[in-house]
Amino acid sequence: MLSKFSIEYVIFPQHSDTVRTHLTDDPIEAEEFLMHLLLVRARIMEIRHEGATLTGHQFDRMLKIAAERIVSQLLAESLHADASGIKSRFGFAA
């Protein structure tokens, strides 16, 4: 059976070209994995949803959500603020 989400990535792209794949059926886990890839500066090659490659707006939207969650967490920790405070001050959802 095909996984709902498939994320292809390269860890340490400056040193390797080995493409790895992360499979999950959970959209939240997919977002969290994208957050991790962004934090470690991995190269995100492709995101597929139910076998179809996400392109353009769909691909960008998933990455934008992951990046906003990272920024929200960093601001909450740095400013010792709660999620509602971060959302009202900066517009980032928790």
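A residue counts as buried when its relative accessible area is under 20% and as exposed when that area is over 50%. The legends below apply these cut-offs to a predicted model.

**Figure 1. Tyr9 and Phe33 form an aromatic pair between strand S1 and helix H1.** Tyr9 is buried, since its relative accessible area is 11%. Its partner, Phe33, has a relative accessibility of 15% and therefore also falls in the buried class. A pair of aromatic rings is described by the distance of the centres and the angle of the planes. A search of the whole structure returns 1 aromatic pair. In that pair, the ring centres of Tyr9 and Phe33 are 5.2 Å apart and the ring planes meet at 65 degrees, so the arrangement is edge-to-face. Because Tyr9 belongs to strand S1 and Phe33 to helix H1, the pair links parts of the chain that are 24 residues apart in sequence.

**Figure 2. Overview of the fold of the predicted model.** The protein contains 3 helices and 4 strands. Read from the N terminus, the order of elements is β-β-α-β-β-α-α. Along the principal axes, the C-alpha atoms occupy a box of roughly 40 × 30 × 20 Å. The protein has 94 residues, of which 31% count as buried. Among contacts with a separation of 6 or more, 47% involve residues 24 or more positions apart.

**Figure 3. The open sheet of 4 strands and the helices that pack on it.** The strand order is S2-S1-S3-S4, and the pairing is antiparallel. Strand S2 (20-24) and strand S4 (52-53) form the edges, each pairing on one side only. Strand S3 (residues 43-49) is joined to S4 by 2 bridges in the antiparallel sense. Arg48 is positioned opposite Thr53 of S4. Helix H1 packs on the sheet and touches strand S1 (5-10), S2 and S3, with its direction at about 10 degrees to that of S1. Helix H2, in turn, lies across S1 and S3 and runs at about 115 degrees to S3.

**Figure 4. Packing of helix H1 against helix H2.** The axes of H1 (residues 27-39) and H2 (residues 56-79) come within 9 Å of one another and cross at roughly 70 degrees. This crossing angle makes H1 roughly perpendicular to H2. On the H1 side, the contact is made by Ile28, Ala30, Glu31, Glu32, Leu34, Met35, Leu38 and Leu39. On the H2 side, it is made by Met62, Leu63, Ile65, Ala66, Ala67, Arg69, Ile70 and Gln73. Sorted by class, the residues in the contact of H1 with H2 comprise 12 nonpolar, 1 polar and 3 charged.

**Figure 5. The surroundings of Met35 in helix H1.** Met35 has a relative accessibility of 7% and therefore counts as buried. With its neighbours within four places in sequence set aside, Met35 is in contact with Ala66, Arg69, Ile70 and Gln73. Met35 and Ala67 lie 32 residues apart in sequence, while their C-alpha atoms are 6.5 Å apart in space.

**Figure 6. Packing of helix H2 against helix H3.** H2 and H3 (residues 83-90) pack at an angle of about 110 degrees, and their axes are 10 Å apart. The two helices, H2 and H3, are therefore roughly perpendicular to each other. Ser72, Leu75, Ala76 and Leu79 of H2 meet Ile86, Arg89 and Phe90 of H3 in this contact. The residues in the contact of H2 with H3 comprise 5 nonpolar, 1 polar and 1 charged.

**Figure 7. Positive phi values at Arg41 and Glu50.** Arg41 is located in the loop between H1 and S3. Its phi is near 60 degrees, a positive value in a residue other than glycine. With a relative accessibility of 69%, Arg41 counts as exposed. Glu50 is located in the loop between S3 and S4. The phi of Glu50 is near 50 degrees, again a positive value in a residue other than glycine. Glu50 is exposed, because its relative accessible area is 52%.

Note on methods: Residues numbered from 1 in each chain as written. Predicted model: local features only at pLDDT ≥ 70, side-chain atom pairs only at ≥ 80, totals over all residues. Heavy atoms only, no water. Axes fitted to C-alpha atoms, helices over the stretch in contact; angles between N-to-C directions. Parallel < 35°, antiparallel > 145°, perpendicular 65-115°, else oblique. Contact = heavy atoms within 4.5 Å. Nonpolar A, V, L, I, M, F, W, Y, C, P; charged D, E, K, R; others polar. Pairing = 2+ DSSP bridges. Phe/Tyr/Trp six-rings, centres within 6.5 Å; stacked < 30°, edge-to-face > 60°. Buried < 20%, exposed > 50% of the residue type's maximum accessible area, 1.4 Å probe, protein only.
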